[in-house]
Protein chains: 2
Amino acid sequence: MEFKKIIEEKSKQAWEIYLPNLSIDCVVFGFHDALVKVLVVKMKENNLWALPGGYILKTENIKEAASRILHQRTGVTNIYLQQFRVFSDLNRSEGFFEAFENTIWNKQRFLSVGFYALVDFSTVKLVVDNFSDACEWKAIDELPELMMDHQYIFDKALGTLRKELNYKPIGFNLLPEKFTMPELQKLYEIILGKKLNRGNFFRKMLRYDILIKLDESRKGGAHKAPDLYKFDVEKYQLALKDGLNEGW
Amino acid sequence: MEFKKIIEEKSKQAWEIYLPNLSIDCVVFGFHDALVKVLVVKMKENNLWALPGGYILKTENIKEAASRILHQRTGVTNIYLQQFRVFSDLNRSEGFFEAFENTIWNKQRFLSVGFYALVDFSTVKLVVDNFSDACEWKAIDELPELMMDHQYIFDKALGTLRKELNYKPIGFNLLPEKFTMPELQKLYEIILGKKLNRGNFFRKMLRYDILIKLDESRKGGAHKAPDLYKFDVEKYQLALKDGLNEGW
DNA sequence: TTATTTTTTTTGATATTTGCATAAAAAGAG
DNA sequence: CTCTTTTTATGCAAATATCAAAAAAAATAA
């Protein structure tokens with residue numbers, strides 16, 4: 001069996017080049033067609049869907065690892081990446097690589113560092129690698145059944161994003177350069193999983209003072225052409241750093 | 001040298017019983033004398049101060065590991081624990097255990113999972129172990145110089161706590177059962193690093209509806225005896241779970 | 001015992017932010 | 001040109017936050 005050979009060969013090298021017992025799983029968010037989507041990969045090994053992930057080279061830190069893994073998958077560099085949690089349950093990788101010897105590297109107990117990534121959907125060129133049959137975007141409310149604890153990892157990523165929305169802006173990494181206010185609102189609504197009031201969204205967003213209104217509108221669609229905006233990159237970055245709502 | 005022997009002996013066993021390349025560092029917060037304090041340990045190896053930490057048994061998940069490590073240090077069980085970040089820079093453990101062979105287990109490259117813990121100061125009985133000379137509480141604005149990246153880990157822990165204060169209550173794990181409103185406010189002020197308005201703090205705290213006012217006041221001190229409160233445990237737990245401020 | 005001092009607790013006045021509703025503006029369709 | 005639909009802007013009441021200060025309570029000093 002060709003595939004099994006590849007795994008066994010790679011496994012031998014793995015002991016030398018990767019950190020043992022530690023992997024990375026990424027929840028990659030994109031926005032397209034008024035939907036928030038997530039990247040999932042169909043594994044050759046067991047025909048199950050998984051979050052894209054990989055191992056950590058002995059020569060890199062975890063963010064570099066996540067960055068490398070996602071670059072290989074998407075062709076995108078400079079992805080917005082945020083680690084959010086370690087998944088370490090004893091039985092989380094149980095039953096994986098069942099057809100292989102217990103001594104195989106991939107079959108050891110693995111802890112995963114969860115990252116979430118925000119990418120501009122339109123710049124991504126998906127890549128299917130040696131271990132996978134397919135790599136696709138799926139709407140977050142229509143995810144296929146995921147292997148191991150990957151559904152749980154996804155839930156935690158979305159939960160983190162929802163919390164962070166209260167003090168961080170979002171959109172710069174998900175939307176094209178020019179976008180409309182209703183598009184931005186839609187993005188917020190899907191991530192939060194609830195409708196927001198239009199007028200208040202406008203006022204609040206403008207009060208944040210991170211948007212620049214352009215002298216164009218998006219013509220062509222039916223009905224009134226919405227105004228186009230772009231982010232004020234400097235103010236956006238500052239808001240990311242300092243936080244948007246004072247809180248206490 | 002006695003100490004070196006111990007380390008070398010332990011190191012041999014370590015390969016068998018611990019997960020390699022991964023450790024845990026804990027930022028343990030306590031509240032005493034109107035000050036927020038943190039637990040630090042003086043290492044025998046190099047006479048530097050460090051955050052309490054340890055390694056992960058192959059038979060436990062990371063929260064169990066953190067719990068075990070802190071129980072050994074403080075005698076406290078059921079500590080409030082929250083992982084907040086992985087520290088993985090390549091050179092973070094550089095220069096540690098210099099006197100030992102490179103092959104020694106402790107000298108491998110280590111990633112650390114950072115946990116923060118909240119404990120009731122009065123219930124803690126500090127324990128000095130084989131690797132340390134001292135174990136002390138230090139006020140967070142008077143920390144000694146810490147080894148490796150431990151100051152950075154502390155900063156991230158405090159930053160996390162500050163953010164979480166915007167949607168989580170705090171105090172149940174830090175204060176004694178009965179406490180006064182000014183004490184609670186002091187706790188918030190120290191963590192946030194700024195003064196809060198008295199009247200507003202009162203109103204906001206009471207609106208959260210997680211406090212029960214007792215029919216007692218704290219007599220004995222000079223001046224007006226402040227009212228005593230305790231937390232409504234059920235409502236507090238609910239607030240922890242669901243979050244305090246709606247945000248969006 | 002009474003006045004003084006100090007700290008806690010409560011209250012007011014004002015500004016800001018929300019929630020909900022609705023009006024005005026703009027573009028394509030017919 | 002009118003109709004329909006969607007975007008954008010506004011109005012107003014309710015809820016919150018800010019700032020300031022008054023009232024209440026206890027200990028101490030006189």
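Analyst: The expected span of a helix is 1.5 Å times one less than its number of residues. The model here is predicted.

User: How far apart are the end C-alpha atoms of helix α2 of chain B?

Analyst: This helix runs over residues 62-74, which makes 13 residues. At 1.5 Å a residue, α2 of chain B should span 18 Å. The model agrees, because its end C-alpha atoms are apart by 18 Å.

User: How large an arc do the buried residues of α2(B) cover around the axis?

Analyst: Buried means under 20% relative accessible area. In α2(B) the buried residues are I62(B), A65(B), A66(B), I69(B), L70(B), R73(B) and T74(B). They lie on the same side of α2(B), because the arc they cover is only 140 degrees.

User: Why can residues three or four places apart in a helix point the same way?

Analyst: Look at the turn of an α-helix. Residues three or four places apart point the same way because the number of residues a turn is 3.6.

User: Which residue caps the N-terminal end of α2(B)?

Analyst: Look for a side-chain oxygen and the backbone nitrogen of K63(B). The two atoms lie 3.1 Å apart. The oxygen belongs to the capping residue, N61(B).

User: Which residue just after α2(B) takes a positive phi?

Analyst: Move to the position just after α2(B). Phi is positive there, at about 75 degrees. The residue is G75(B).

User: What percentage of the atoms of DNA strand D within 4 Å of the protein is sugar and phosphate?

Analyst: Around DNA strand D there are 22 residues, and R198(A), R203(A), D227(A), N200(B) and R207(B) are the closest. Now take the strand's own atoms that come within 4 Å of the protein. Sugar and phosphate make up 67%.

User: Which residue has a polar side-chain atom 3.1 Å from a base oxygen of DNA strand D?

Analyst: Sort the contacts by the part of the strand. K224(A) has a side-chain N or O atom 3.5 Å from a sugar or linking oxygen. A polar backbone atom of D227(A) is 2.2 Å from a phosphate oxygen. The base oxygen is reached by R203(B).

User: Which element gives the largest share of the surface near DNA strand D?

Analyst: That surface divides into six nonpolar, six polar and 10 charged residues. The largest share is four residues. They come from α5(B).

User: What percentage of the residues in chain A is buried?

Analyst: Chain A has six helices and 10 strands. Its C-alpha trace spans about 60 × 45 × 30 Å along the principal axes. Of its 248 residues, the buried ones make up 52%.

Conventions:
Residues are numbered from 1 along each chain as its sequence is written. Chains are lettered from A and ligands numbered from 1 in the order in which they are written. This is a predicted model: local features need pLDDT of at least 70, side-chain atom pairs count only at pLDDT 80 or more; totals for chains, interfaces and linings use all residues. Side-chain values use heavy atoms; hydrogens and water are left out. A residue is near a molecule or strand if one of its heavy atoms lies within 4 Å of it. A polar contact is a pair of N or O atoms within 3.5 Å; within protein, one must be able to donate a hydrogen and the other to accept it, and residues adjacent in sequence count only if both atoms are side-chain atoms. Ala, Val, Leu, Ile, Met, Phe, Trp, Tyr, Cys and Pro count as nonpolar, Asp, Glu, Lys and Arg as charged, and the others, Gly among them, as polar. Buried means under 20% relative accessible area, exposed over 50%, partly exposed in between (1.4 Å probe, protein chains only). The arc is that of the directions from the helix axis to the C-beta atoms.
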